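Here is a small set of exercises to work through with the model open on your screen. Try each task first, and then compare your route with the worked solution.

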Amino acid sequence: MTEANSYRRSPRDWRPLAGAVLLFFLLGGGLAKVRSAEPSYGLKLIAEGLTAPIALASLGEDSEPLLVADQAGLIHLVQSDLPPRTFLDLRPRMSGFNAGMDERGIVGLALHPEFKTNGRFFVAYSAPLRAVAPSDWNHTMRLSEFRVRVDRSTVLVPGSERVILEIDQPGWNHNSGRLAFGPDGYLYWSTGDGSAPNDIGKGHVAQGNAQSRHTLLGKMLRLDLDSGSPYGIPRDNPFADGVDGYPEIYAYGLRNPWGFSFDRGGNHDLILSDVGQDSWEEINIIRNGGNYGWRVREGFEPFVPKPRRGKDPRATPGLLFPEASPDGMPFMDPILVYRTSRRIGEQNDEFGVSITGGYIYRGSAIPELSGTYIFADWSKSMAFGNGILLQADPAAGTHVGARWIASPLPYKGSPSGRVQGFVWSLGEDAKGEIYVMTNGANLVSGSRGKVYKLVPM
Ligand SMILES: [Ca+2]
């Protein structure tokens with residue numbers, strides 16, 4: 001907790017801090033990376049007029065063309081200097097949206113590792129509640145496969161949708177749903193805890209969905225899309241035999257993972273952001289079978305929820321397990337935390353209210369950023385968008401017990417790292433270059449969504 005407090009730093013403190021770090025380095029202290037005060041990179045607008053861009057992928061070995069998935073239900077084909085054009089329209093197959101905030105829609109996109117030769121790609125989206133689900137639940141999250149023509153990757157094969165797996169969702173939020181293929185060739189699919197505060201309520205099992213091994217909510221799932229029908233279970237999934245938990249589970253104890261990636265270099269670590277409820281935003285290194293703590297822990301601490309609507313949640317029987325995991329397994333601590341700004345009635349100088357996961361920069365355009373973990377916070381305000389780009393130096397390693405520290409990522413024109421709009425998501429192309437997807441509104445409607453690329457300037 002004490003180490004976390006030291007991260008609390010106003011963006012305006014960045015310049016003097018950079019100076020202090022430089023002095024420390026010159027005196028032989030040898031702190032992490034030292035960069036010039038004026039960043040040589042910035043954000044280049046490559047697409048606008050979208051709604052809520054949430055995931056992207058290069059179609060080929062070059063950066064472009066890009067597929068950009070919009071939470072509102074469209075996947076666009078994006079090339080610089082051309083208007084985005086519709087590649088896939090899932091709106092007729094989706095559940096609806098709230099007038100206000102919403103976490104439903106298209107939430108995940110991933111191309112098969114052999115996409116070039118098999119044309120297969122995968123999308124996670126919110127479908128209407130299926131008949132077998134409890135009738136008072138909200139919707140059904142669907143993972144589907146689609147195909148493009150192998151001779152022309154920009155052309156979808158009509159009628160190619162094949163439903164892989166559906167997960168019923170009690171609420172409209174905490175869906176997560178992000179997708180990525182690992183270096184092992186398996187598809188990883190993150191899920192949120194299902195909705196309600198404290199992971200308690202309608203659609204939440206007694207010990208919380210995230211801690212239960214018998215629900216697919218609050219998990220990292222891992223599927224083999226090259227065997228079985230509609231999918232196979234990798235033999236080393238922790239509950240592959242289905243005895244102690246659902247075989248699709250790879251890791252658990254997650255609340256609402258808002259972005260994850262595999263490092264293209266190094267140890268190819270799986271790096272995941274988990275949005276906190278009351279106190280801490282987290283980055284976690286996800287390992288096979290790991291229990292990442294939610295709702296028993298938040299950050300490095302036992303989770304003690306703040307009272308809501310006048311009720312003291314401590315009075316809820318069975319809520320708190322502060323000392324040990326209910327199943328006796330050790331918890332996996334995050335590798336990085338910072339204070340969420342969402343606490344009520346507290347003066348704060350934190351980065352924002354909701355962490356957005358990113359990428360270790362392995363591109364070639366900005367050598368200055370090589371090896372830096374680049375991520376973001378959605379916004380400091382819930383109402384108007386003032387997101388921030390953040391960075392951490394992974395030099396401390398990714399082993400259990402390693403700790404990274406978050407700081408703003410200043411870029412040309414923004415010494416504070418602040419971004420206009422809500423940072424909806426970050427993306428990475430085939431060359432390892434990084435994209436920042438924003439939305440000018442805190443809604444899944446309108447046309448204030450933009451895609452920027454981090455480029456030398
Ligand atoms: Ca955690």
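The exercises below go from the whole chain to a metal site, its surroundings, a pocket and some backbone details.

Before you start, note that this is a predicted model, in which local features need pLDDT of at least 70, side-chain atom pairs count only at pLDDT 80 or more, and totals for chains, interfaces and linings use all residues. Residues are numbered from 1 along each chain as its sequence is written, and side-chain values use heavy atoms, with hydrogens and water left out.

**Exercise 1. Describe the chain as a whole.**

Step 1: Count the secondary structure, taking helices (H or I, at least four residues) and strands (E, at least two) as DSSP runs numbered from the N terminus. The chain has 3 helices and 28 strands.

Step 2: Look at burial, where buried means under 20% relative accessible area, exposed over 50% and partly exposed in between (1.4 Å probe, protein chains only). Of the 457 residues, 58% count as buried.

Step 3: Check contacts, meaning heavy atoms within 4.5 Å. Among those between residues at least 6 apart in sequence, 60% join residues at least 24 apart.

**Exercise 2. Find which protein atoms bind the calcium ion, and say whether their residues are buried or exposed.**

Step 1: List the donors, which are N, O and S atoms within 2.8 Å of the metal (3.2 Å for Na, K and Ca); water is not among the atoms, so sites may look incomplete. Glu-282 gives two OE entries and Tyr-292 gives its O, at 2.3 to 2.8 Å from the ion.

Step 2: Place them in the chain. Glu-282 sits in strand S17 (residues 280-285), while Tyr-292 is in the loop between S17 and strand S18 (297-298), 10 residues apart.

Step 3: Read the accessibility. Glu-282 is buried at 5% relative accessible area, and Tyr-292 is buried at 3%.

**Exercise 3. Which residues line the largest cavity?**

Step 1: Fix the terms. On a 1 Å grid over the protein atoms alone, a cavity is a set of points where a 1.4 Å probe fits but cannot get out, and a pocket is an open set with protein on both sides within 12 Å along at least five of seven lines; lining residues have an atom within 4 Å of a point.

Step 2: Read the lining. Both calcium donor residues, Glu-282 and Tyr-292, belong to it, and other members include Trp-280, Trp-294 and Arg-297. S17 and S18 each supply at least two of the lining residues.

**Exercise 4. Which residues lie closest to the centre of the largest pocket?**

Step 1: Pick out the central ones. Among 46 lining residues, Ala-57, Leu-111, Phe-181, Arg-264 and Glu-428 are the closest to the centre.

Step 2: Trace the elements. Those that supply at least two lining residues each include strand S2 (53-58), helix H3 (115-118) and strand S26 (422-428).

**Exercise 5. Pick out unusual backbone geometry.**

Step 1: Recall that most residues other than glycine have a negative phi, and most peptide bonds are trans.

Step 2: Look for cis bonds. One joins Ser-229 and Pro-230, with omega about 0°; another runs from Trp-294 to Arg-295, with omega near 5°.

Step 3: Look for positive phi. His-174 has a value of about 55° and is buried at 7% relative accessibility. His-268 has phi near 55°, but is partly exposed at 34%.
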